[in-house]
Amino acid sequence: MGSLVQVIRVPVSLGDRSYDILIQEGLLQDLGSCMKTIGLSGRVAMVTNPTVHRLYGRKAAQSLRRAGFRVYSVVMPDGERAKTLKWTAKIVDELVARRFERTDVLVALGGGVIGDITGFAAAMYLRGIPFVQVATTLVAQVDSSVGGKTGVNHPWGKNLIGAFYQPRLVLMDTATLRTLPRREWVAGLAEVIKYGMIADETFFEFLEQQVAPILALKQEPVQFLVKRCCELKSSVVAKDERESGLRRILNYGHTIGHALESLGRYRTFVHGEAVGVGMVQEAEISHSLGECSADVVIRQRELVQRVGLPVSLPPLRFSDLWNTMQHDKKVAKGQIHCVLPRKVGEVEVVSLNRHDVSAWFHGKKGRRK
Ligand SMILES: NC(=O)c1ccc[n+]([C@@H]2O[C@H](COP(=O)([O-])OP(=O)(O)OC[C@H]3O[C@@H](n4cnc5c(N)ncnc54)[C@H](O)[C@@H]3O)[C@@H](O)[C@H]2O)c1
Ligand SMILES: [Zn+2]
């Protein structure tokens with residue numbers, strides 16, 4: 001077993017559904033023993049995709065077997081397109097065929113797609129069986145594996161079907177981030193910057209100072225960054241598990257971000273890139289309304305740019321942007337609820353009307369001339 005003493009532990013406090021997030025370079029080899037320690041045993045269906053299976057499937061399965069689990073791999077296609085009810089049903093079919101019981105375990109080995117669908121299958125099968133997430137992308141480590149939102153897409157929209165269902169354990173081996181495609185890695189950093197902006201100026205400063213070592217994937221700053229994001233997200237989730245209020249601050253950058261993803265038919269930007277642009281633009285809106293100083297806009301733009309994320313809107317018409325923003329879930333009576341920064345480390349939820357957004361959009365154009 002590796003040196004478990006160095007493992008970073010972030011507790012997620014949700015009463016009798018509390019669990020730990022464990023973070024360490026090389027931790028994958030201890031997956032089985034970590035699961036045994038929290039009382040899990042029996043059989044494991046390990047859901048993954050061909051990419052992650054090739055890289056980490058054997059190591060994960062070996063660790064599970066060493067700890068006494070019987071392991072079955074369920075390999076589904078890679079990518080967002082497979083995050084469907086059809087593939088959820090296939091996972092469940094596998095569990096039924098193997099006669100999995102309430103005490104057996106589903107393990108998600110992969111990024112956000114695998115985590116979301118596996119968690120949803122775990123929530124449904126026998127009204128809930130134990131579920132463990134092994135998060136292998138930056139997005140999964142700082143965002144999707146924390147908080148218990150599980151689900152799949154419907155042809156008419158992303159994440160339309162789902163459940164709140166908490167895992168028993170989340171394991172993050174930061175060494176797995178080294179094999180991530182560069183674009184995925186950088187895109188994940190948008191969510192990281194988001195946490196600094198919404199809740200922690202000291203963390204934002206840390207990011208400003210450590211851009212180079214972070215981009216070079218030096219383990220010390222990367223482990224710290226993952227830990228801090230997990231702490232920040234889990235403290236928000238602990239106060240508002242079902243998104244009735246506070247949890248909405250996690251949507252910072254996403255009102256415009258989602259609109260850009262949708263307008264580009266999910267081809268122009270990957271999610272994190274759209275969030276990078278979204279944060280920069282939403283800060284500008286905040287400034288145009290007098291809610292934050294120009295410093296905040298400039299400081300955030302610089303950091304977003306330095307990590308290699310886009311900051312500017314692609315060419316688009318105001319009416320298209322406004323109409324698409326209204327399709328977002330946060331709409332109420334011709335107004336949009338948008339998370340805007342007041343300063344670095346502090347945001348508020350503001351209602352915007354068409355006039356507010358139009359003034360910013362057309363003011364921008366004026367300035368560009
Ligand atoms: N549940 C939540 O709260 C929440 C929050 C944010 C995002 N999400 C969801 O997460 C999904 C996006 O997650 P993602 O960005 O991790 O995408 P992803 O799961 O598709 O992973 C991105 C790519 O990286 C590959 N990959 C994974 N780990 C790797 C590794 N270690 N080395 C090399 N390649 C690796 C994957 O096979 C995939 O091709 C979306 O479906 C989104 O809706 C959910
Ligand atoms: Zn996001």
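A salt bridge is a side-chain nitrogen of Lys or Arg within 4 Å of a carboxyl oxygen of Asp or Glu. By this rule the count comes to 21 salt bridges in a model that is predicted.

**Exercise 1**

Find the distance between arginine 17 and aspartate 16 and state whether each residue is buried, partly exposed or exposed.

Solution.
- Step 1. Arginine 17 and aspartate 16 form a salt bridge through their side chains, with N and O 4.0 Å apart.
- Step 2. Buried means under 20% relative accessible area and exposed means over 50%, with partly exposed in between.
- Step 3. Arginine 17 has 39% relative accessibility, so this residue is partly exposed.
- Step 4. Aspartate 16 has a relative accessible area of 77% and is therefore exposed.

**Exercise 2**

Place the partners of the salt bridge between aspartate 143 and lysine 233 in their helices, and say whether the two residues are buried or exposed.

Solution.
- Step 1. The closest N and O atoms of aspartate 143 and lysine 233 are 2.8 Å apart.
- Step 2. Aspartate 143 belongs to helix H5 (residues 138-144) and lysine 233 to helix H9 (residues 219-239); the pair is 90 residues apart and links distant parts of the chain.
- Step 3. Aspartate 143 and lysine 233 are both buried.

**Exercise 3**

Describe the salt bridge of lysine 194 with glutamate 191, then identify the ligand that glutamate 191 helps to coordinate.

Solution.
- Step 1. The side chains of lysine 194 and glutamate 191 meet at 3.0 Å, N to O, in a salt bridge.
- Step 2. Helix H6 (residues 182-199) holds both lysine 194 and glutamate 191, three residues apart, which is about one turn of the helix.
- Step 3. Lysine 194 has a relative accessible area of 1%, so this residue is buried. Glutamate 191 is also at 1% relative accessibility and therefore counts as buried.
- Step 4. Glu191 (OE) coordinates the zinc ion (ligand 2) together with His254 (NE2) and His271 (NE2), at 2.0 to 2.1 Å.
- Step 5. Along the chain, the donors of the zinc ion (ligand 2) have the spacing E-x62-H-x16-H. Glutamate 191 lies in helix H6 and histidine 254 in helix H10 (residues 254-263), so this pair ties together parts 63 residues apart in sequence.
- Step 6. Histidine 254 is buried, as is glutamate 191.

**Exercise 4**

Which residues are linked with Glu80 in a network of salt bridges?

Solution.
- Step 1. Side chains of opposite charge can pair when their charged atoms come close.
- Step 2. The network of salt bridges links Glu80 with Lys83, Asp116 and Lys158.

Methods. Residues are numbered from 1 along each chain as its sequence is written. Chains are lettered from A and ligands numbered from 1 in the order in which they are written. This is a predicted model: local features need pLDDT of at least 70, side-chain atom pairs count only at pLDDT 80 or more; totals for chains, interfaces and linings use all residues. Side-chain values use heavy atoms; hydrogens and water are left out. Buried means under 20% relative accessible area, exposed over 50%, partly exposed in between (1.4 Å probe, protein chains only). Helices (H or I, at least four residues) and strands (E, at least two) are DSSP runs, numbered from the N terminus. Donors are N, O and S atoms within 2.8 Å of the metal (3.2 Å for Na, K and Ca); water is not among the atoms, so sites may look incomplete.
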